[in-house]
Amino acid sequence: MDLTRIIEELKMYLKATIKSKKRLEHIYNVVNFSIKLAQIHKLPERKVEVAALGHDLFRDVDPGRLIKLAEFYKIPLDKFDKNRPILLHGKVSAEFLARKFLIDDDIYQAIYYHTSGYEKMGDIGKALVISDSAGDDRNFEGVEELRKVSIISLNEGYKLAIKNKISYALAKERYILEDTYKTWNALCQI
């Protein structure tokens, strides 16, 4: 797996598929914060960069097309996915990249579960989940604490990011995804 080639191709894909300047800026903010975390926590920077570049590759895709792509990739669909197909964008991105570039399992897992979290998430995934919430484009109450905590401890930063996802979902009266509450419960047992 030639990570340099994958990174360059992903950048071209992003230019072609992401129509919103704001979304593209978000992706590169995630990349920058992910690399920062990788350097601090001694993670493989190129793998972290691939995960960050690929996490929202299908974020701007039409909801109907996301469902069709999920069916094509044989991604199990639940009622939440059908009601809010945007939740599938990470899973579809991971499946696409797995077939196109034969990405490693740790990159795949990071992208696949970046929206929900995952109770057995590896460090690349933890860095991605944190960075998706803590990039420079994010501005919410508690974001500075998330940034500071994640620089000190990847595990504590991940726990705080999952807690923020749950708090946000409750405040907005949205779904709490099964993987999210399973992750939270697992993190509380550690």
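User: Before we look at Phe72, what counts as a helix here?
Analyst: A helix is a DSSP run of H or I with at least four residues, and helices are numbered from the N terminus. By that rule, phenylalanine 72 lies in helix H4. Keep in mind that this is a predicted model.

User: Thanks! Is phenylalanine 72 buried or exposed?
Analyst: Phenylalanine 72 is exposed, because its relative accessible area is 60% and the cut-off for exposed is over 50%.

User: And how far is phenylalanine 72 from aspartate 123?
Analyst: Their C-alpha atoms are separated by 29 Å, and the two residues sit 51 places apart along the chain.

User: Switching to pockets. What volume does the largest pocket have?
Analyst: The largest pocket holds about 1200 Å³ of space. It is lined by 32 residues, and those closest to its centre are Asp132, Arg138, Lys165, Tyr168 and Arg174.

User: Which helices supply that lining?
Analyst: Helix H2 (21–41), helix H8 (123–134) and helix H10 (154–171) are the elements that give two or more residues to it. H10 gives the most, with seven residues.

User: What is the mix of residue classes in there?
Analyst: The lining of the largest pocket has 12 charged residues, plus 10 polar and 10 nonpolar ones.

User: How about the second largest pocket, what is its volume?
Analyst: The second largest pocket comes to about 270 Å³. Thirteen residues line it, with Asp78, Asp81, Lys91, Leu177 and Asp179 closest to the centre. Helix H5 (79–83) and helix H11 (178–189) each supply at least two residues of that lining. By class, this lining has six nonpolar, five charged and two polar residues.

User: Lys91 caught my eye. Which helix has it among its buried residues?
Analyst: That would be H6, where the buried residues are His89, Gly90, Lys91, Val92, Ser93, Ala94, Glu95, Phe96, Leu97 and Phe101. H6 is mostly covered, with 10 of its 13 residues buried.

User: What covers those residues of H6?
Analyst: The cover includes helix H1 (3–17), helix H3 (45–54), helix H4 (63–72), H5 and helix H7 (105–112).

User: What span should H6 have, and what does the model show?
Analyst: H6 runs over residues 89–101, so at 1.5 Å a residue its 13 residues should span 18 Å. The end C-alpha atoms are 18 Å apart, which agrees. Right after H6 comes leucine 102, which has a positive phi near 55°.

User: What sign does phi usually have?
Analyst: Most residues other than glycine have a negative phi.

User: Where does lysine 74 fit in?
Analyst: Lysine 74 lies in the loop between H4 and H5. Its phi is positive, about 60°, although the residue is not a glycine. Lysine 74 counts as exposed, because its relative accessibility is 72%.

User: And glutamate 173, what is its phi?
Analyst: Glutamate 173 has a phi near 55°, a positive value in a residue other than glycine. Glutamate 173 is found in the loop between H10 and H11. Its relative accessible area is 76%, so glutamate 173 is exposed.

User: Back to H7 for a second. Which of its residues are buried?
Analyst: Ile107, Gln109, Ala110, Ile111 and Tyr112 are the buried residues of H7. They pack against H1, H3, H6 and H8.

User: What about H2 and H9, at what angle do they cross?
Analyst: The axes of H2 and helix H9 (residues 143–152) cross at roughly 30° and come within 9 Å. On the H2 side the contact is made by Phe33, Lys36, Leu37, Ile40 and His41, and on the H9 side by Arg147, Ser150, Ile151 and Ile152. The residues of this contact divide into five nonpolar, two polar and two charged.

User: Last one: is isoleucine 166 buried or exposed?
Analyst: Isoleucine 166 lies in helix H10. It is buried, because its relative accessible area is 15% and buried means under 20%.

User: Which residues does isoleucine 166 touch?
Analyst: Leaving aside residues up to four places away in sequence, isoleucine 166 touches Ile176, Thr180 and Trp184. Isoleucine 166 and glutamate 141 are 14 Å apart in space, C-alpha to C-alpha, and 25 residues apart in sequence.

Conventions
Residues numbered from 1 in each chain as written. Predicted model: local features only at pLDDT ≥ 70, side-chain atom pairs only at ≥ 80, totals over all residues. Heavy atoms only, no water. 1 Å grid on protein atoms, 1.4 Å probe; cavity = no way out; pocket = protein on both sides within 12 Å on 5 of 7 lines; lining within 4 Å. Points joined across faces, edges and corners; volume = space filled by probe spheres on them. Nonpolar A, V, L, I, M, F, W, Y, C, P; charged D, E, K, R; others polar. Axes fitted to C-alpha atoms, helices over the stretch in contact; angles between N-to-C directions. Contact = heavy atoms within 4.5 Å. Expected span 1.5 Å × (residues − 1). Buried < 20%, exposed > 50% of the residue type's maximum accessible area, 1.4 Å probe, protein only.
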